[in-house]
Amino acid sequence: MFSTFLPSIYRILVCLMVLTGLAVQAADTEGDAIETTSEFLPLSLEELMDQDVTSLARKEQTVKETPSAAFVITSEDIRRSGATNLPDILRMVPGMDVGKINAWNAGVSARGFNDLYANKLQVMVDGRTIYDPLTSGVSWGQQNPFLKDIQRIEVIRGPSGTLWGANAVNGTINIITRSAADTQGGLVSAGAGNKEQSGGVRYGSKLADNTYLRGSTNAVYRDANVDATGKSTNDFGNAETVNFRLDSQLNSQDKLMLEGDFSNYKQNGYFVGVSSATPPLWTPNDFGKTGINSSLQGYWTHQTETGHDWKLNMAFTYTDWRQIVDQMSRTSYVLDFQDSLPVIGRHNLLWGANFQTTSDQFQNSLTLAFKPDNFTQNNSGIFVQDQIDLSKDLKLTLANRVEHFTYTGWETEPNIRLLWKANKIHSLWGAISRSVVVPNRAQHSINLFTPVPGMQTPFLLAIANPQMKTENLLAFELGWRWQAAKNIDVDTALFYNIYDRMQGTVITSTSYSPIYGEILYAQVGNYRQVKSYGVELALNHRINHRWRLQTSYSAIGFDTSYNNSLIWLRDPLAEKNYDPQQLMSIRSQFDVSNDVEFDVWGRYVDQIHKDRVNIPSYFGLDVRLGWHPLKNLELSLSGQNLLYNQHPEFSDILYYTVASQIQRSYFCQISWQF
């Protein structure tokens with residue numbers, strides 16, 4: 001597979017390089033140079049804190065003006081991390097838990113509740129959600145953007161459902177791509193290592209005054225990992241993505257952004273499934289998954305003569321995937337409007353409305369069925385926010401969202417936030433919020449018949465629960481930002497969360513089949529209450545103009561209430577066992593000279609216990625060496641997970657019968673911008 005796939009990737013890339021190389025000879029060659037540390041490390045900490053965070057307030061706002069736990073991953077952070085995929089990049093965020101399950105899939109969550117489909121994060125690309133309504137999570141293996149196109153990633157830890165809707169419970173992630181105006185000229189990037197080969201091409205051009213267009217394509221191939229015995233887990237695969245973006249300043253009052261994306265992927269591995277109604281019933285064969293994702297998004301902004309700032313975001317997405325045991329296609333339309341009113345006295349008002357409709361169609365099988373097999377669900381909502389300037393240094397934010405869902409009807413998500421700038425070096429903020437997680441399509445209509453490795457009773461039948469209700473969160477947060485010295489700043493957040501009507505899965509009955517033997521019947525329901533509490537600490541230290549350190553530490557604890565008379569399919573104390581109690585990270589970015597960069601990233605992840613498997617704590621160590629022999633040419637060599645030949649990070653045997661162990665890897669990359 002490796003030998004046959006690679007040539008196809010590089011034939012494509014070589015052709016694109018030739019085409020873009022020819023094109024560039026006739027094009028404007030004023031493209032920006034590849035970012036170097038000379039453009040980043042000298043920035044003061046105050047300048048770094050002045051970076052915009054739009055994900056919480058839906059308007060331009062700096063990190064230090066945000067009354068929440070905000071964090072920004074810059075394009076420079078991404079480039080110097082050596083990471084080649086989104087989950088690895090998100091490890092930079094204080095308190096963000098990332099556990100790789102195999103070469104493509106990962107659990108990603110903030111403030112606990114990590115799982116393959118962690119359901120308490122809202123994740124967007126340029127404001128377009130990539131949240132999967134089937135599972136209430138993000139299929140990270142299906143998200144493989146060209147990382148060179150990402151301008152920054154904004155992360156808000158904690159509830160932001162008031163502005164971004166349901167499931168923005170423990171955090172919101174917004175991946176902001178570069179504008180077409182900022183990506184003029186060409187860029188070619190290619191890399192290869194012992195676990196991954198990837199490459200991409202981008203070219204941007206000016207179409208008319210104030211109108212720019214760029215296109216990019218990238219491909220990635222990942223080799224298989226191994227299990228605990230060193231045997232291949234067969235999780236190799238490939239993904240290809242094509243993207244375009246058009247930005248136009250239509251006139252002095254109107255701007256338009258149009259973006260399209262198409263991706264294709266093939267992921268192999270030992271997926272679950274009953275392959276036949278006669279023996280051998282099921283074997284851990286390769287049930288490889290193939291699929292496509294596509295989207296078209298339009299974003300229009302308009303400033304009225306009366307001082308209103310209108311933003312209209314429209315998006316269409318189409319998803320199709322198939323395995324040997326099931327198949328799904330889905331369309332989704334989203335319309336989101338907001339209006340920022342002119343300042344009225346001390347009041348900064350913002351309101352908006354949204355509507356989303358999602359239709360899916362399943363081809364049911366013995367293993368996986370949805371009843372009905374086609375369904376349309378809608379949600380619509382309206383929100384309002386008022387930021388009140390109580391004084392020069394004290395700002396109060398009052399907000400609420402009312403939203404209607406097909407499954408659960410009306411919900412409300414209010415919050416109150418207060419920001420106090422005590423002086424130039426200290427600022428405090430606090431918040432009380434309510435957010436909800438709505439039931440998903442699977443919980444309302446699934447019929448999953450599957451073998452469960454490791455159980456004495458080999459087959460499980462999980463049936464839907466149409467009575468599932470929303471999970472509710474009442475969150476209390478406190479934050480403190482301290483400019484400890486001219487070159488040191490500290491950002492701290494405390495949280496106490498009360499989750500009510502939490503989901504849990506219990507065994508309801510058993511039966512006997514002459515073919516399958518004893519079968520367990522399981523059903524999910526709102527059986528539990530969970531309380532969590534924790535601290536998140538981030539320290540940014542610019543030692544000198546060539547060296548910066550970024551350190552983070554987080555700790556979390558849980559109290560879980562549940563009915564111990566029920567027979568639980570999975571651990572009712574899941575949160576205590578699935579989430580590491582402590583996370584630490586330290587990143588060093590050092591310019592050896594004007595042309596040479598040396599970066600080190602160390603991480604500590606506490607132990608977890610998942611699916612009856614103990615996953616020990618581990619230290620991760622990544623190292624990157626970068627060299628800029630020419631202004632627009634970059635060569636780099638990076639190594640990941642250098643302390644271990646292989647180690648486990650996560651597991652989910654209900655979906656992936658064999659969890660991969662993450663192996664030591666290296667990756668060489670060359671990037672040329674013209």
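What share of the 674 residues of the protein chain counts as buried? The figure is 58%, and it comes from a predicted model. Here is a friendly tour of the chain as a whole, followed by a look at Asp-652 and at a nonpolar patch on the surface.

**The chain overall**
- The secondary structure of the protein chain consists of seven helices and 37 strands.
- Among contacts in the protein chain with a separation of 6 or more, 63% link residues 24 or more positions apart.
- About 26800 Å² of the protein chain is accessible surface, and carbon and sulfur atoms hold 59% of that.

**Asp-652 and its surroundings**
- You will find Asp-652 in a loop, with strand 35 (646-647) on one side and strand 36 (662-663) on the other.
- Asp-652 counts as buried because its relative accessible area is 0%, and the cut-off for buried is under 20%.
- A polar contact at 3.4 Å joins the side chain of Asp-652 to the side chain of Arg-570.
- Once neighbours within four places in sequence are set aside, the residues in contact with Asp-652 are Ile-101, Asp-115, Leu-116, Arg-570, Lys-610 and Asp-611.

**A nonpolar patch on the surface**
- Leu-398, Ile-416, Ile-432, Leu-474, Phe-476, Tyr-496 and Tyr-533 make up this nonpolar patch, and together they have about 560 Å² of accessible area.
- One of these patch residues, Ile-416, sits in strand 21, which covers residues 415-421.
- Ile-416 has a relative accessible area of 37%, so it is classed as partly exposed; that class falls between the 20% and 50% cut-offs.

Terms used: Residues numbered from 1 in each chain as written. Predicted model: local features only at pLDDT ≥ 70, side-chain atom pairs only at ≥ 80, totals over all residues. Heavy atoms only, no water. Helix = DSSP H or I, 4+ residues; strand = E, 2+ residues; numbered from the N terminus. Buried < 20%, exposed > 50% of the residue type's maximum accessible area, 1.4 Å probe, protein only. Polar contact = N/O pair within 3.5 Å; in protein donor to acceptor, adjacent residues only side chain to side chain. Contact = heavy atoms within 4.5 Å. Areas by Shrake-Rupley, 256 points an atom, 1.4 Å probe, with all protein chains shown as cover. Patch = residues over 30% accessible without salt bridge, like charges linked within 9 Å, V, L, I, M, F, W, Y side chains within 5 Å. Salt bridge = Lys/Arg side-chain N within 4 Å of Asp/Glu carboxyl O.
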